[in-house]
Amino acid sequence: MKRTTWLAGAALALTPALALAGSPESLLPPIFQNPAPTPAPAPRPSAAPRPEAPAGAAPTPAPGAGPVVQPLPGAPNDPNLMPTTVPKNLPSIAELEKMDSGELDELFGLKPKYDIPPGARRALEQVGILGAGEGGFAPGSLEAQPASLVRAAIAGTKGPLVSRWGHILLRRALASRLNAPADMDPVEFAALRAALLNRMGEGAVARRLVQDVDSANYDAALAGAALDAYLETGDLVGMCPVAELRGDLREDAEWQMVRAICDAFGGESRTAERNLDRMLSRGTAPRIDVLLAQRFAGAAGEGRRAVNIEWDGVDELTPWRMSLSRALGIEIPEALRSKASGRLMRANVLIPAVPLDQRAAAADRAGSDGILSSRAMVDLYGQIWADDDVAGDAKDRSATLRSAYVAADPADRAAAIEAIWGGGEGQYGRQVLTAYAAARLPVDTALLSDPAPFIASMLTAGLDRNAMRWGSQVKEGSQAWALLALAQPNREGNVSSGALDEFIDNDQSVDQRKSRFLVAGLAGLGRLAEGDVRSEAGRLGVSLDRETKWSNAIDKAGEYGNSALVALLAGLGMQGNGWDKMTARHLFHIVRALDRVGLNAEARMIAAEAVARG
């Protein structure tokens, strides 16, 4: 029925031819120019009323007008018809009959600009997920800041952050409902934020962010960020509203496959099959990618043939291959999985179709990075415990985790927690998993030979008050003491220099990194006397007061109380795959700026994490 309507239309077409008040002060001299108001058009003179003609009489022409000509049906000035553009090279009737509705829409320029009614379209202001009352930053936080500074902070953060708590803070800033800087396109602002969320492994948050922008407002950068987010979460068809409405945004092979898949899910399976066959025969994209696209398109329910997926000759696992394979339930060879990047395999934890044991393997990295909360990790292992089809290490760990919570003897619970940690690369992620179990242990020094890792586990979930119960039991100068000295919510007076000296003397970390971080964290929180800061920093060979463009920017943002900008600049300063990439000077400026803008909890958790993981 839809095709007949468009053919009829084709035949008829052939007949005849802000800067808000009180907004934060800019860190750089603002260069904003308010455009002069456009003058209102002069009112048009109203025509004198004409006498009504008698019924049945011919219309009277206006003075000086030519003879009245009755318009022919279907003529361009017929008010009952929508203006239609006639293509220069119009296909034949036989060719038109073979086209589907989408191809006819594009041929005659009838594809609508918007797919949302006018009353439901969303403004490009305050794009985001978290409102100010939900933990987000104030909408106008970045509105008066120079676009160059905001762009550099977001685009310059290329990869993961060394700090779990830094990751959580940056995610919160990027997900907030924010206005773009006054001299930045709001669509560019949304694209920058979504792209960084993808780089951080936060595909689910990026997906929700891009969905807050109407499809008609997308540009190529936002479309790219959106596609990455949908692939990372195994939800490729979520891209279809944009691909259908704004198919001209990209021309690469991956985009062509996306459009073909969306055609199939939109009921145009014949077009999808034809286009994907053409891509396969021409080698437009790697064979494995097109085969996966064909299988995915066939899942729309109208596929005409089976598609066999063969991994022979495939030597790389890409986001496209990972996402479509996971969504289709196709097993990926172990050889490809073992060579895949940690960032790519980390996405396993966000895709519900991934087997539970493989999600558990990705959870350690996701937990340590800040992608998963402690509660989310416990929920995952709860599913594993309840699923009789899961076996192996993940199943055993779920049973041990249960003992860590419900064993009657506290000593058995403590032993179960330590067994879960197991040491090695994923220990910090396992400490996230056990945070609430550690918080339930009684305060008893006879129970724990060293309470430091248990305190560090509690702090991964922000359980600082539970950790402080051990304050009177820990030895001054120990690592447990250092963690509590940084994590204490409200502290009166400075830290004892004698206890600090003892910690430094006993520090066996590489380059005394833990001691450097402890001094930087205490100095940033204002918990160390100025004389002690100078002496201890000099003893450790640390220069906390050396200035750079970045340190000047974050210091100024802290002075002006701009918490959102501080969060972005803190993320910029915490890039890296491990704490060996972090310097004490960067930590000092980050902690001090966060404390100044009222983000004391985040400042304390980041400082304590640095000592725990340093």
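Is Gln-358 buried or exposed? Select Gln-358 and look. Its relative accessibility is 15%, so Gln-358 counts as buried. The cut-off used here is under 20%. Keep in mind that you are viewing a predicted model.

**Stop 1: around Gln-358**

Gln-358 belongs to helix α16, which covers residues 356–369. Now show its contacts. Beyond four places in sequence, Gln-358 is in contact with Arg-326, Glu-331, Arg-337 and Asn-348. Next, pick the C-alpha atoms of Gln-358 and Met-345. They lie 9.2 Å apart in space, with 13 residues of separation in sequence.

**Stop 2: the whole protein**

Zoom out and switch to a cartoon view. The protein has 31 helices and zero strands. Of its 614 residues, 49% are buried. Turn on the surface. The accessible surface is about 29,700 Å², and 51% of that belongs to carbon and sulfur atoms.

Now colour by confidence. The average pLDDT is 85, and 81% of the residues score at least 70. Select helix α5, residues 164–175. Confidence is highest there, at a mean of 98. Then select helix α1, residues 2–13. Confidence is lowest there, at a mean of 36. Widen the selection to residues 1–39, where the pLDDT is below 50. This stretch has 52 contacts in the model beyond near neighbours in sequence. Residues 72–76 also have a pLDDT below 50. Their stretch has seven contacts beyond near neighbours in sequence. Where pLDDT is low, the predicted coordinates should not be read in detail.

**Stop 3: the core**

Which residues have the most contacts inside the largest nonpolar core? They are Trp-320 and Trp-481, in a core of 179 residues. Select Trp-320 and show what surrounds it. Leaving aside residues within four places in sequence, its contacts include Leu-231, Leu-236, Met-257, Val-258, Ile-261, Leu-292 and Ala-293. Two more of its contacts are Glu-254 and Asp-289.

Move on to Glu-476, which touches Trp-481, Ala-499 and Glu-502, not counting residues up to four places away in sequence. Glu-476 sits in the loop between α23 (464–467) and α24 (479–487). With 48% relative accessibility, Glu-476 counts as partly exposed. Pick the C-alpha atoms of Glu-476 and Glu-502. They are 8.0 Å apart in space and 26 residues apart in sequence.

**Stop 4: Met-377**

Select helix α17, residues 374–386, and find Met-377 in it. Met-377 has 0% relative accessibility, so it counts as buried. What does Met-377 touch, not counting residues up to four places away in sequence? Its contacts are Ala-363, Asp-364, Gly-367, Leu-372, Gly-429, Val-432 and Leu-433. Gly-367 is ten residues away along the chain, and its C-alpha lies 7.4 Å from the C-alpha of Met-377.

**Stop 5: aromatic rings**

How many aromatic pairs does the structure hold? There are three. Go to one of them, Phe-517 and Trp-579. A ring pair is described by the distance of the centres and the angle of the planes. Here the centres are 5.6 Å apart, and the planes meet at 65 degrees. Planes over 60 degrees apart count as edge-to-face, so this pair is edge-to-face.

Why does this pair tie together separate parts of the chain? Phe-517 is in helix α26 (residues 513–524), while Trp-579 is in the loop between α29 (563–573) and α30 (584–596), so the pair joins parts that are 62 residues apart in sequence. Both Phe-517 and Trp-579 are buried.

Now look for charges over rings. Select Arg-613 and Tyr-428. The charged end of Arg-613 sits over the Tyr-428 ring, 4.0 Å from its centre. Then select Arg-193 and Phe-189. The charged end of Arg-193 sits over the Phe-189 ring, 4.7 Å from its centre.

**Stop 6: two positive phi angles**

Finish in two loops. Select Gln-512, in the loop between α25 (497–506) and α26. Its phi is near 50 degrees, a positive value in a residue other than glycine. Gln-512 has 27% relative accessibility, so it counts as partly exposed.

Last, select Gln-126, in the loop between α3 (101–107) and α4 (147–155). Gln-126 is not a glycine, yet its phi is positive, about 55 degrees. At 39% relative accessibility, Gln-126 counts as partly exposed.

Terms used. Residues are numbered from 1 along each chain as its sequence is written. This is a predicted model: local features need pLDDT of at least 70, side-chain atom pairs count only at pLDDT 80 or more; totals for chains, interfaces and linings use all residues. Side-chain values use heavy atoms; hydrogens and water are left out. Rings of Phe, Tyr and Trp (its six-membered ring) pair if their centres lie within 6.5 Å; planes under 30 degrees apart count as stacked, over 60 as edge-to-face and the rest as tilted. Helices (H or I, at least four residues) and strands (E, at least two) are DSSP runs, numbered from the N terminus. Buried means under 20% relative accessible area, exposed over 50%, partly exposed in between (1.4 Å probe, protein chains only). A charge sits over a ring if NZ of Lys or CZ of Arg is within 6 Å of the ring centre and within 35 degrees of the ring normal. Accessible areas come from the Shrake-Rupley method with a 1.4 Å probe; for residues, only the protein chains shown count as cover. pLDDT is the predictor's confidence in each residue, from 0 to 100. Contact means heavy atoms within 4.5 Å. A nonpolar core is a set of buried Ala, Val, Leu, Ile, Met, Phe, Trp, Tyr and Cys residues joined through side-chain atoms within 4.5 Å.
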